[in-house]
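Here are my notes for a first look through this one. Keep the viewer open and go point by point.

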Amino acid sequence: MIEVNAHEKKIPAGHIYCLCFLFGISIVYWIISPIGVDMPFHILRIGELGKELARGTSFPVYMYRDVYSHYGYPLPIFYCSLFLYPFSVLVALGLQALTAYKIMLLVCMWTTFLVAYICIGRVPEYKNRQFVGAFIYTLQPFLVNELFIRASIGAACVFIFIPIVLLGLYLIWHSAFLKGTLALAGGMAGIVSSHVVSTVLIVAALAVVYITMIVCRFNNGDKGFIPRSLMAVFTSAFICLFMTAWYIAPMIEQFIRYEFKGQTVTGLQIAGEGPVSILIPMHLSTILTHLLNHYVRISEIGGVPLFMLAFTIYLLVTGQIRYMGVRQRVILVIYHLLCLVLFIRPLWNYLGRYLGFMQFTWRVFLIISVLGFCVCFSLMKPDDFGCVKVQIVLVSLSTLYILIFFFGYYGIRNFLPSVISGTIGHEVEEYEYTSETWDNLYIPTCMDENILSEQLRSVDVDLEYSKDTDISYTYEIDENRGLVMIDITKNTATETTYLTVPFIMYSGYRAYNTIKDEEYELVQASDGMTDVSIPPGTVGRVIVDYSGTVVQKATLLLSIIAFVFFLFGIRVVSRRNGS
């Protein structure tokens with residue numbers, strides 16, 4: 001008879017605690033349903049994508065036709081929606097956009113945990129710490145803040161792929177170049193498809209890390225590492241570029257042809273953090289402002305640095321910092337120096353000329369947060385569980401400190417609204433889904449988007465460009481199919497007539513005559529609208545709709561081919577290693 005050792009099957013108490021903690025956060029979030037800072041914007045992204053899928057729009061969707069009072073807004077061109085599709089399908093099947101968003105947020109958190117668990121398990125010396133390591137990584141305060149309080153689902157998805165990128169660097173460092181190339185390419189492709197600003201920051205950080213790797217190996221006499229690692233890094237960059245071409249190329253195409261308001265940003269909206277406000281969670285600052293009747297500055301990363309601050313104090317008080325390696329100490333010092341740099345407002349006011357694309361200074365904390373995790377992860381020694389337990393306790397307390405005021409505020413607001421109303425002096429507003437957005441980064445600079453909702457959508461002759469207007473026509477606007485039909489019954493004009501149709505001008509619109517089977521040129525009107533050039537004598541039905549560009553179609557095919565080759569590479573490596 002085979003004997004089973006019960007002790008070997010026992011689940012460690014620490015693992016049970018970690019799972020219970022994550023499940024607890026998930027349940028509380030689902031019940032309270034708090035409203036994060038950017039939540040309405042990302043719900044709109046999911047909801048509008050779901051509506052387009054329900055209409056039968058083919059993949060990939062580039063235009064949200066109902067946004068900006070049906071004038072159309074191609075948000076997916078500028079903000080990749082690849083990871084929204086599974087949840088937008090639920091909306092297309094009838095689920096509320098808010099519910100789909102909540103599902104996506106929790107899936108993002110648990111996927112981050114799972115990916116971190118798998119990637120850490122690929123590092124032999126830390127394999128027995130992969131569960132705890134994944135817990136610390138998932139609950140690092142900056143990610144918790146991005147997921148729940150800021151509700152920036154795109155920036156939060158980046159954390160799913162950072163462990164894959166770090167694993168790729170680890171494999172390249174240990175000369176497993178093919179594996180490292182694929183991991184680095186796949187991880188970076190996921191980051192590019194999640195959040196562009198985070199991509200820029202991570203690429204800059206990776207450049208510094210890679211240069212450091214080269215210098216270390218060169219000083220150790222391993223000069224052969226440089227050409228092989230360069231080949232791996234550049235190959236992964238090309239694979240990533242080809243896999244994400246379907247998103248990057250159409251975005252660049254729009255930027256080349258038109259100028260948008262996001263391109264005119266010349267500074268950071270928040271240049272520098274406050275040394276006190278950065279320690280206070282956002283909603284606690286709001287509560288203190290009302291209770292003290294004095295403005296308490298709000299930081300969108302309030303409370304985030306406390307975990308590493310407390311952990312550093314622990315290392316100093318217990319003397320464990322003396323046993324840390326030089327590299328560990330250097331990373332820890334860099335972490336705290338970067339935190340201090342966030343307080344230097346004159347510096348950020350100056351850098352804002354070049355870093356305006358970030359919008360906010362605190363975005364740099366993405367890199368700072370990863371540095372902090374690297375310090376914690378490197379200290380998870382197999383023979384020192386005491387330090388690991390301290391990390392678990394501190395990250396749990398930090399998470400609770402950040403979330404308790406956020407969940408508490410919305411818990412009271414949802415279940416005891418009169419209490420909040422009495423505190424803030426007015427009735428609380430319930431969240432309602434709308435197709436309108438405050439985002440205007442990708443609106444043409446020549447347009448005033450604020451008047452769109454007040455205008456009657458119509459087809460008019462653009463008198464600014466049309467000299468001869470001897471033309472008669474009727475028109476119909478089909479909102480469901482996102483097209484405008486113009487029936488020209490008379491056209492005795494001797495020059496080209498320009499008709500303005502109610503669409504914001506972007507590359508991808510087309511105008512064609514259903515009778516003559518010919519297409520007409522589209523140009524941007526002086527107010528950012530779409531002008532159709534009608535040649536002299538043209539009659540018949542002219543339809544204007546969004547059908548995409550050649551660049552969109554070509555790069556989609558290129559990305560599909562690149563992805564197939566990427567999967568083939570993974571299969572080859574798996575067979576070669578028997579895993």
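**Notes on the structure**

1. Let's begin with a strand pair: β3 (residues 483-491) runs antiparallel to β9, and the two are joined over six bridges. Strands here are DSSP E runs of at least two residues and helices are H or I runs of at least four, numbered from the N terminus. Two strands count as paired if DSSP finds at least two bridges between them. To find one of these bridges, look for D487, whose partner in β9 is R541.

2. A word on what you're looking at: this is a predicted model, where local features need pLDDT of at least 70 and side-chain atom pairs count only at pLDDT 80 or more, while totals for chains, interfaces and linings use all residues. Residues are numbered from 1 along each chain as its sequence is written, and side-chain values use heavy atoms, with hydrogens and water left out.

3. Which strand does β9 (residues 540-546) pair with over five bridges? That is β5 (residues 509-513), again in the antiparallel sense. Along this pair, R510 has D545 as its bridge partner, and Y509 sits opposite Y546. β9 is mostly covered, with six of its seven residues buried; buried means under 20% relative accessible area, exposed over 50%, and partly exposed in between, using a 1.4 Å probe and protein chains only.

4. Now zoom out to the whole sheet. It is open, has five strands in the order β2-β3-β9-β5-β6, and its pairing is antiparallel. β2 (471-478) and β6 (518-520) each have a single partner strand, so they stand at the edges with one side lacking a neighbour in the sheet. On average, neighbouring strands are turned by 25° against each other, direction ignored; the axes behind such angles are lines fitted to C-alpha atoms (for helices over the stretch in contact), and angles run from 0 to 180 degrees between N-to-C directions.

5. There is also an open sheet of four strands, ordered β1-β4-β8-β7 with antiparallel pairing. Here β1 and β7 (522-524) are the edge strands, and each has a single partner, so one side of each has no neighbour in the sheet. Inside the order, β4 (residues 497-504) and β8 (residues 529-534) pair over six bridges in the antiparallel sense. L499 stands opposite V532 of β8, if you want a spot to click on.

6. On to a helix. α16 (residues 326-341) has 16 residues and should span 22 Å at 1.5 Å a residue, and its end C-alpha atoms are indeed 22 Å apart; the expected span is 1.5 Å times one less than the number of residues. Which residues of α16 are buried? They are Q328, L332, Y335 and C339. Seen down the axis of α16, they fall within an arc of 55°, so they line one face of the helix; that arc is taken from the directions from the helix axis to the C-beta atoms. The buried residues pack against α15 (306-318) and α18 (365-378), whereas V326 and R327 on the other side are exposed.

7. Next, the charged pairs. A salt bridge here is a side-chain nitrogen of Lys or Arg within 4 Å of a carboxyl oxygen of Asp or Glu, and by that rule the count comes to 15. K261 and E449 form one, with their closest N and O atoms 2.4 Å apart. This pair links distant parts of the chain, 188 residues apart: K261 is in the loop between α13 (245-257) and α14 (282-292), and E449 in the loop between α20 (417-424) and β1 (460-461). E449 counts as buried at 11% relative accessibility.

8. Back at R510, the side chain also meets that of E519 in a salt bridge (3.9 Å, N to O). R510 is partly exposed at 29%, while E519 is exposed at 56%. Elsewhere, salt bridges with shared partners join E48, K51, E52, R55, R65 and D66 into one network. In the R55 to E52 bridge the N to O distance is 3.0 Å; R55 is partly exposed at 27%, but E52 is buried at 1%.

9. One last stop is L279, in the loop between α13 and α14. L279 is partly exposed, with a relative accessible area of 30%. Setting aside neighbours within four places in sequence, L279 is in contact (heavy atoms within 4.5 Å) with G302, G303, L306 and Y401.
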